Amino acid sequence: MPSAWETVIGIETHVQLRTASKIFSGASTAFGAAANTQASVIDLALPGVLPVLNAGAVECAIRFGIAVDATIAQRSVFARKNYFYPDLPKGYQISQYEIPIVQGGALSFPVAPRSGEPYIKSVRLTRAHLEEDAGKSLHEDYQGMSGIDLNRAGTPLLEIVSEPEMRSSAEAVAYARSLHALVVWLGVCDGNMQEGSFRCDANVSVRPAGAQAFGTRVEIKNLNSFRFLQQAIEHEARRQIELIEDGGHVVQETRLYDPERDQTRSMRSKEDAADYRYFPDPDLLPLDVSPQWIERVRAQLPELPGAMRERLVQEYGLPAQDAAALTASRGLAQYFEQVAQAVSDKKAAANWIMGEVCAQLNADDMDVEHCPVPAPELAALIARVADGTVNLKTAKELFALLWKREATSVDSVIEARGLKQITDSAAIERVVDEVLAANAAVVAEYRAGKEKAFQSLVGQAMKATRGKANPQQLNETLRRKLRR
Amino acid sequence: MRPLSAMACSLCRGSSNDAHGKAAGVSELAHASLTELGAMLERREISAVELATYYLARIDRHRDLNAFLDVRAEPTLAQARAADARRAAGEKGALLGVPVAHKDIFVTRGWHTTAASRILEGYSSPFDATVVQALSQAGMVCLGKLNCDEFAMGSSNENSAYGVVHNPWDRDAVPGGSSGGSAAAVAARLAPIATATDTGGSIREPASFSGVTGAKPTYGRPSRWGMIAFASSLDTAGLLAVSAQDCALAFNAMLGFDPKDSTSVDRPQEDYTRHLDIDLRGLRIGVPREFFAAGLEPEVEAAVRAALREYAALGTQIVDVSLPNSALGIPVYYVVASAEASSNLSRFDGVRYGYRAKHYEDLLDMMRKSRAQGFGAEVKRRVLVGTYVLSHGYYDAYYLQASRVRRVIADEFQRAFQRCDFLAGPVTNGVAFGFGEKSADPVAMYLSDLYTVPTSLAGIPAMSVPCGFGRLGRPIGLHLMANHFDEARLLGVAHRYQCITDWHTRVPRGY
């Protein structure tokens, strides 16, 4: 049943930047160290300390801004967001407020809805600003007390805010995935969602389909996986629609998604929202980014996924869908190009990578950077299929050997294990004759009109060649001989 | 740095020691200038250990002033021994082995740092403030930590959680604030020089009230690293000393770019003694007419006008200038400084260090009670004012508007400096007041800073130089101001006055 309601979604993403040290101190940002061992006097907000901006974090923001075709502010300002919380050591968070470093921009990405044709969606970005992360409160481990771990305090964040331009959970997830791929691609974020390197909040509202005005929005926090993002949006949209249809109205509030119960619950309403008393941080001068700095960063930027998608279509004649799949990460795209450049059948390279390679990577939960089959070997394998040295079935077995590191060179293992495809027609005829002679009953069945019997004979013949016969030749020979 | 011999001032008659004649029967050593102490150390007439021991004894003898909050012989003598060792190894330096005391706003290893607040009682910093470290590297020996108004908020030192400081000239008078301990210590010669901080007048007002020389450099010249923040855009480290010459010597070690402070100014190192013998002929001293308006006590005006006549006699041209909006300095200051303070003091929450309330319900209650019990009344007043002016819906009317007016005031100074090289006027409208006289009326207290606040808002260097005495023998200061980064000439202008007057060498009876 088509819904009479339209869901409107905007997403705020906190991206932890991959700098070696924190945004305002020299302490390490590495994840997982013993509590409070990576908090400097600055992160602890001891009396007398002052922040000094990490230029590396600024550079990450510039990279991102260029990649989404945004305006990089020549002058942006750090403000203090004042509130009390035990894991916020200074009693304020340093964050860009009125004038962020990245302004505007857009992100285009493919959406594959559950029903209907895939399409390209473009979402405008409002802004992206630099800020520092807070520490962590650990309430569970200490009976009647709270533990505070300030290792995360001061980790640089880029908060990326989209316009409310997504209209379904599928679009929201596609946006988040694409954004995730982009920040990892750019090298500004490690993308580790379990460790909190990429965190999404969704602003969700509903309105009657075709309406212009937005409904009242609800912010959902704590969405640390794409699946939760999708579930939370779907749940929240349903909740709002039911509420309105039952004669109620949506209250502007912040809700927390509980993945275990698949529901959202109220955290605080707009009335409870703290007055953060923003004002420019007098400890930091306005951040000036010169056009030269921007150009320097631009020159070092890798090819961006959008541009690469188009180039893969142009240069390798791939379908757009394949190009999109292969540019899911920079590593995968690089792997594809290495393979594709070494083989004549580019589509075969794409198929192998999207099929066998990605399936194995997923099964082993592995990055393409750690793929045990080097690109030149996959290229060799594809070449051996193309030149008829091995058939596809053998090739897949070979691939499995390479994956398990039981073989290192395609050609030597073909040689050593005698896997070379049999294309000698005399040899194939000999095998076929033997199979026909040994399976008179099956032959009779075939001749009586049982098509299935043919497959059985093919199987027998293939088995006799230990799978090495050229399948096409084998089929033809068998048909020809049976027709007699 | 120039050799010591070159620093003796050619304009002072004879040696500076003899020139500024002293009352008979007082100790020579305590009244020696920084230059003289350095020379004595260099001639091995005294060791740094002997000097430190001597001052520690004086500090102990005059404990009743309550100028010091933390004195520890052990680290002091260790530093003195180190200085002696350095000199024995052939190192030279005007400050090597000379004692100094630090306002308790500067964090120090070896001594507690409390900002004169209950909330930091017993706090030990794991690092030294850049200013402390710089003076220590030059070989200065720390005598201890000096009392002040809590978090440098006050004009009388009555806001210290650890008791008032007495003015050595008159025990019934306040020494000024917030650097009251620094001013009283130098006035009583418990230290030859002391660090201090000036946010709206906290160096110059106590210098004036206590009859010592106070110097606040350009904002951004001294590092703020390790200076417990009150109002970050105004806080400036400086000195209280006997003379401008002594300030210049110590500034040579103390001022400079610090990459740990983003508002620190990256300029080449300067020799602040290079203009001590400045030729005043042809220089113009501007006198802002607004600084002589109603409210200025006649005895202060008379002393300041007399000083201006001395300058005229030295060949300077006295010109009339106007700072029409300087009176707005006080409201602007109390909006901007309180706003920044309300945020800067948020870190004192009882969570990581400092005072924590004994009884509380939950986390938030713990923070609330720790702050309620740990902060004094004036600090709370300013945190409340600051929180209010930054609140949603009030920000534009207060903070933003105040920031705009601040700009107007700063521009007025720039216009004035087109007509003159320096500015001069009173530091305060009256001499030091008595305990309790103004503490019941915060606004009256705030008006003590009427003449000092505008320069703080403009970030320009300024000094207070002793220029006479008023009722009850309480000192009066002359306010000298210069444009940004012109402190070397400013010190010279002050020094030339001190070459022909002896107000600054006078020592209160009994010290």
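Two residues count as in contact here if their C-beta atoms, placed from the backbone, lie within 7 Å. Keep that cut-off in mind for the whole tour, and remember that you're looking at a predicted model.

**Stop 1: chain A, whole**

Select chain A and color by secondary structure: you should find 15 helices and 17 strands. Now apply the contact cut-off. Of the contacts in chain A with a separation of 6 or more, 70% are between residues 24 or more positions apart. Line the view up with the principal axes, and the C-alpha trace covers about 95 × 55 × 50 Å. What radius of gyration does chain A have, next to a compact globule of 484 residues? The globule would come out near 23 Å, but chain A has 29 Å. If you color by burial, 39% of the 484 residues in chain A show up as buried.

**Stop 2: helix α7 of chain A**

Next, select residues 330-342 of chain A, which is helix α7. From first C-alpha to last, its 13 residues reach 19 Å, close to the 18 Å expected at 1.5 Å a residue. Show side chains for the buried positions in α7(A): R330(A), L332(A), A333(A), Y335(A), F336(A), V339(A) and A340(A). Which helices do the buried residues of α7(A) pack against? In chain A, bring up α2 (169-185), α5 (305-316), α6 (320-326), α8 (346-363) and α9.

**Stop 3: α9 against α11**

Stay with α9 of chain A, residues 375-386, and add α11, residues 410-417 of chain A. Two packed helices are described by the angle between their axes and the distance between the axes. For this pair, the axes come within 9 Å and cross at roughly 55°. That crossing makes α9(A) oblique to α11(A). To see the contact itself, pick E377(A), A380(A), L381(A) and R384(A) on α9(A), then V410(A), D411(A) and I414(A) on α11(A). Color those by class and the contact of α9(A) with α11(A) shows four nonpolar, no polar and three charged residues.

**Stop 4: helix α14 of chain A**

Jump to residues 452-464 of chain A for helix α14. Put a distance label on its end C-alpha atoms: they are 19 Å apart, which agrees with the 18 Å that 13 residues should span at 1.5 Å a residue. Then click on R466(A), which follows α14(A) and has a positive phi, near 55°.

**Stop 5: where the chains meet**

Turn chain B on alongside chain A. How many residues of each chain are in contact with the other? Here 27 residues of chain A are in contact with 34 residues of chain B. On the side of chain A that touches chain B, the residues divide into 18 nonpolar, four polar and five charged.

**Stop 6: chain B on its own**

Hide chain A. Chain B has 17 helices and 11 strands, and its C-alpha atoms fill a box of roughly 70 × 55 × 45 Å along the principal axes. Its radius of gyration is 21 Å, which agrees with the value near 24 Å for a compact globule of 511 residues. Color by burial again, and 59% of the 511 residues in chain B are buried. As for contacts with a separation of 6 or more in chain B, 77% are between residues 24 or more positions apart.

**Last stop: Y54(B)**

Zoom to helix α4 of chain B, residues 48-61, where Y54(B) sits. Is Y54(B) buried or partly exposed? Y54(B) counts as partly exposed because it has 15 C-beta neighbours inside 10 Å, while a buried residue needs 20 or more. Finally, draw a C-alpha to C-alpha line from Y54(B) to F291(B): the two are 42 Å apart in space and 237 residues apart in sequence.

Definitions and conventions. Residues are numbered from 1 along each chain as its sequence is written. Chains are lettered from A and ligands numbered from 1 in the order in which they are written. This is a predicted model: local features need pLDDT of at least 70, side-chain atom pairs count only at pLDDT 80 or more; totals for chains, interfaces and linings use all residues. Axes are lines fitted to C-alpha atoms, for helices over the stretch in contact, and angles run from 0 to 180 degrees between N-to-C directions. Helices (H or I, at least four residues) and strands (E, at least two) are DSSP runs, numbered from the N terminus. Angles under 35 degrees count as roughly parallel, over 145 as roughly antiparallel, 65 to 115 as roughly perpendicular and the rest as oblique. Ala, Val, Leu, Ile, Met, Phe, Trp, Tyr, Cys and Pro count as nonpolar, Asp, Glu, Lys and Arg as charged, and the others, Gly among them, as polar. The radius of gyration is taken over C-alpha atoms; the globule rule is 2.2 Å times the number of residues to the power 0.38. A residue is buried if 20 or more other C-beta atoms lie within 10 Å of its own, exposed if 12 or fewer, and partly exposed in between; C-beta atoms are placed from the backbone. The expected span of a helix is 1.5 Å times one less than its number of residues.
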